[in-house]
Amino acid sequence: MLMKIVIVASIAGIAFLPADGARRVRDQDQAFAARKAGQIMPLHEIESRIVPRMPGCDYLGPDFDPSSGVYRLKFMRGRSVIYVDVDGHNGQIVGRSGD
């Protein structure tokens with residue numbers, strides 16, 4: 001039974017590969033490359049600045065926009081979702097939505 005599940009999962013995974021066989025570059029890979037090149041700040045440094053400024057919120061994690069160098073940090077307060085956009089170059093908040 002377990003073997004059937006593994007085979008089905010493997011076949012299903014193949015169906016989601018790009019047709020040309022190219023690997024899609026993930027946001028986190030692009031963020032790592034930008035950090036390594038010194039273009040953006042380390043995520044942990046940005047988080048250490050922003051998370052304490054969000055009392056009463058649960059931090060859910062980041063997204064990274066490689067074209068702008070902006071991190072979007074996602075928080076939950078009760079049933080509300082709050083997004084805080086942070087410039088990865090200087091760590092400054094550039095936008096906020098929700099609440």
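Two strands pair if DSSP finds at least two bridges between them. By this criterion β2 pairs with β3, since 8 bridges join them. The two strands run antiparallel. The model discussed here is predicted.

The chain contains 3 helices and 4 strands. Along the sequence these elements follow the pattern α-α-α-β-β-β-β. The chain has 99 residues, of which 24% are buried. Its exposed surface comes to about 7,100 Å². Carbon and sulfur atoms supply 57% of that surface. Among contacts between residues at least 6 apart in sequence, 30% join residues at least 24 apart.

Confidence is summarised by a mean pLDDT of 80 for the chain. A pLDDT of 70 or more is reached by 74% of the residues. Residues 5-16 have pLDDT below 50. In the model this stretch has 0 contacts beyond near neighbours in sequence. Where pLDDT is low, the predicted coordinates should not be read in detail.

The strands are linked in sequence order by antiparallel pairings. Strand β1 spans residues 58-65 and is joined to β2 by 7 bridges. These two strands run antiparallel. Within the pairing, D58 stands opposite M76 of β2. The β1 and β2 hairpin has 4 residues between its strands. There G69 takes a positive phi near 75 degrees.

M76 also has a partner on the β3 side. Its bridge partner in β3 is V81. The hairpin of β2 and β3 leaves 2 residues between the strands. In its turn, G78 has a positive phi of about 65 degrees.

Strand β4 covers residues 93-98 and pairs with β3 in the antiparallel sense. This pairing has 5 bridges. V84 has R96 as its bridge partner in β4. Between the strands of the β3 and β4 hairpin lie 5 residues. G91 in this hairpin takes a positive phi near 80 degrees.

The largest nonpolar core holds 15 residues. The members that touch the most others are I46, I50, Y71, L73, F75 and V84. Two helices and two strands each give two or more residues to this core: α2 (27-36), α3 (43-50), β2 (70-77) and β3 (80-87). I50 illustrates the packing. Leaving aside residues up to four places away in sequence, I50 touches L73, F75, V84, V86, G91 and I93. G91 is thus named both among the contacts of I50 and in the hairpin of β3 and β4.

A search of the whole structure finds 2 aromatic pairs. One is formed by Y59 and F75, with ring centres 5.2 Å apart. Their planes meet at 40 degrees, so the pair is tilted. The pair links distant parts of the chain, with Y59 in strand β1 and F75 in strand β2, 16 residues apart. The two residues fall in separate accessibility classes: Y59 is partly exposed at 28% relative accessibility, whereas F75 is buried at 1%. The other pair consists of F64 and Y71, whose ring centres lie 4.8 Å apart. The angle between these planes is 50 degrees, so this pair is tilted as well. F64 is buried, with a relative accessible area of 7%. Y71 is buried too, at 5% relative accessibility.

Two glycines outside the hairpin turns were also examined. G61 is found in strand β1. Its relative accessible area is 12%; because buried means under 20%, G61 counts as buried. Not counting residues up to four places away in sequence, G61 touches R72, L73 and K74. G61 and L73 are 12 residues apart in sequence. Their C-alpha atoms are 5.8 Å apart in space.

G38 is found in the loop between α2 and α3. Its relative accessibility is 54%; because exposed means over 50%, G38 counts as exposed. G38 and H89 are separated by 51 residues in sequence. Their C-alpha atoms are 8.9 Å apart in space.

Definitions and conventions
Residues are numbered from 1 along each chain as its sequence is written. This is a predicted model: local features need pLDDT of at least 70, side-chain atom pairs count only at pLDDT 80 or more; totals for chains, interfaces and linings use all residues. Side-chain values use heavy atoms; hydrogens and water are left out. Buried means under 20% relative accessible area, exposed over 50%, partly exposed in between (1.4 Å probe, protein chains only). Contact means heavy atoms within 4.5 Å. Accessible areas come from the Shrake-Rupley method with a 1.4 Å probe; for residues, only the protein chains shown count as cover. pLDDT is the predictor's confidence in each residue, from 0 to 100. A nonpolar core is a set of buried Ala, Val, Leu, Ile, Met, Phe, Trp, Tyr and Cys residues joined through side-chain atoms within 4.5 Å. Rings of Phe, Tyr and Trp (its six-membered ring) pair if their centres lie within 6.5 Å; planes under 30 degrees apart count as stacked, over 60 as edge-to-face and the rest as tilted.
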